[in-house]
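This report goes through the empty spaces of a structure, and then through some of its helices and loops. Please keep the sequence and the 3D view open while reading.

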Amino acid sequence: MTPTSTPGLTRFNALEEHAARTALHEACASTAWAKRLLAARPYATAEDLYTASDAAMAELTAEDLAEAMAGHPPIGRPKPGDPTSAREQRGMAGASDALKAEMLELNLAYQERFGHVFLICATGLTGEQMRDAVRERLGNTPEREREIVRTELGKINRIRLARLVAEEA
């Protein structure tokens, strides 16, 4: 173990390929992204893993991005029994019924406009901040929105990878 490595990173590096693929799939639903990260193992540091994630994210096609987005539930409606989406969307947990209803409408309008779920790195954001972001992003071109989604996915992946490599066995 290098001085900048963590027990979680050492464990991830040592995982059998199928188990590592499963762990990566929990971070991001893109097969292409996971394949690139698997191919670059072992990682000396968590930062090396994050850099590889960013590079893989930058190369995803529109189809790969769609696959990655399919793994994310709508804001305000985390997957039942999924602690990750519940934790990430915590800012909506205490939202008023009015705000939840407005987010539902905005999510539907966004999905109709862009053909996919509204995606934002919701960690640390309030329900109002998420609402304001979807309102603002509804005016984007599909091309601009795809690049924002790519950036937001990259942020989410970094957070999820950090949790993965910080975990003890």
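What volume does the largest cavity have? The model is a predicted one, and in it the largest cavity has a volume of about 120 Å³.

**Cavity and pockets**

The count of cavities of 30 Å³ or more comes to 1. The lining of the largest cavity is made of 14 residues, and those closest to its centre are H72, I75, E88, Q89 and I120. Helix 6 and helix 10 each give at least two residues to this lining.

Besides the cavity there are pockets. The largest pocket has a volume of about 410 Å³. Its lining has 20 residues, of which A23, E26, A27, T84 and R160 are the closest to the centre. Helix 2, helix 6 (83-88) and helix 10 are the elements that each give two or more residues to the lining of the largest pocket. Helix 2 has the largest share of that lining, with 4 residues.

The second largest pocket has a volume of about 150 Å³. Its lining consists of A62, L65, A66, M69, F114, G115, H116, P142, E145, R146 and V149. At least two of the lining residues come from helix 5 (62-69), and at least two come from helix 10.

The table gives the make-up of each lining.

| Space | Nonpolar | Polar | Charged |
|---|---|---|---|
| Largest pocket | 7 residues | 5 residues | 8 residues |
| Second largest pocket | 7 residues | 2 residues | 2 residues |
| Largest cavity | 9 residues | 3 residues | 2 residues |

**R160 at the largest pocket**

R160 is among the residues closest to the centre of the largest pocket. Its place is in helix 10, which covers residues 142-166. Is R160 buried or exposed? The relative accessible area of R160 is 12%, and buried means under 20%, so R160 counts as buried.

Leaving out residues up to four places away in sequence, R160 touches E26, A27, H72, T84 and E88. Among these contacts, A27 also takes part through its backbone: the backbone oxygen of A27 lies 3.0 Å from a polar atom of the R160 side chain. E26, A27 and T84 are themselves among the residues closest to the centre of the largest pocket, while H72 and E88 are among those closest to the centre of the largest cavity.

**Helix 1**

Which residues of helix 1 are buried? Helix 1 spans residues 7-14, and its buried residues are G8, L9, F12 and N13. They lie on the same side of helix 1, because the arc they cover around the axis is only 135°. Helix 2 (17-27), helix 4 (46-58) and helix 10 are included in what covers the buried residues of helix 1.

**Helix 3 and the loops beside it**

In helix 3 the buried residues are W33, A34, L37 and L38. Seen down the axis of helix 3, they fall within an arc of 130°, so they line one face of the helix. An α-helix has 3.6 residues a turn, so residues three or four places apart point the same way. K35 and A39 are exposed on the other side of helix 3. The packing partners of the buried residues of helix 3 are helix 2, helix 4 and helix 10.

At the N-terminal end, helix 3 is capped by S30, with a side-chain oxygen 3.4 Å from the backbone nitrogen of A32.

A29 sits in the loop between helix 2 and helix 3. A29 is buried, with a relative accessible area of 12%. Not counting residues up to four places away in sequence, A29 touches E67, A68 and G71. A29 and S85 are 56 residues apart in sequence, and their C-alpha atoms are 13 Å apart in space.

The loop between helix 3 (31-39) and helix 4 holds P42. What is the form of the peptide bond from R41 to P42? This bond is cis, with omega near 0°.

Notes:
Residues numbered from 1 in each chain as written. Predicted model: local features only at pLDDT ≥ 70, side-chain atom pairs only at ≥ 80, totals over all residues. Heavy atoms only, no water. Buried < 20%, exposed > 50% of the residue type's maximum accessible area, 1.4 Å probe, protein only. Polar contact = N/O pair within 3.5 Å; in protein donor to acceptor, adjacent residues only side chain to side chain. Contact = heavy atoms within 4.5 Å. Arc of directions from axis to C-beta. 1 Å grid on protein atoms, 1.4 Å probe; cavity = no way out; pocket = protein on both sides within 12 Å on 5 of 7 lines; lining within 4 Å. Points joined across faces, edges and corners; volume = space filled by probe spheres on them. Nonpolar A, V, L, I, M, F, W, Y, C, P; charged D, E, K, R; others polar.
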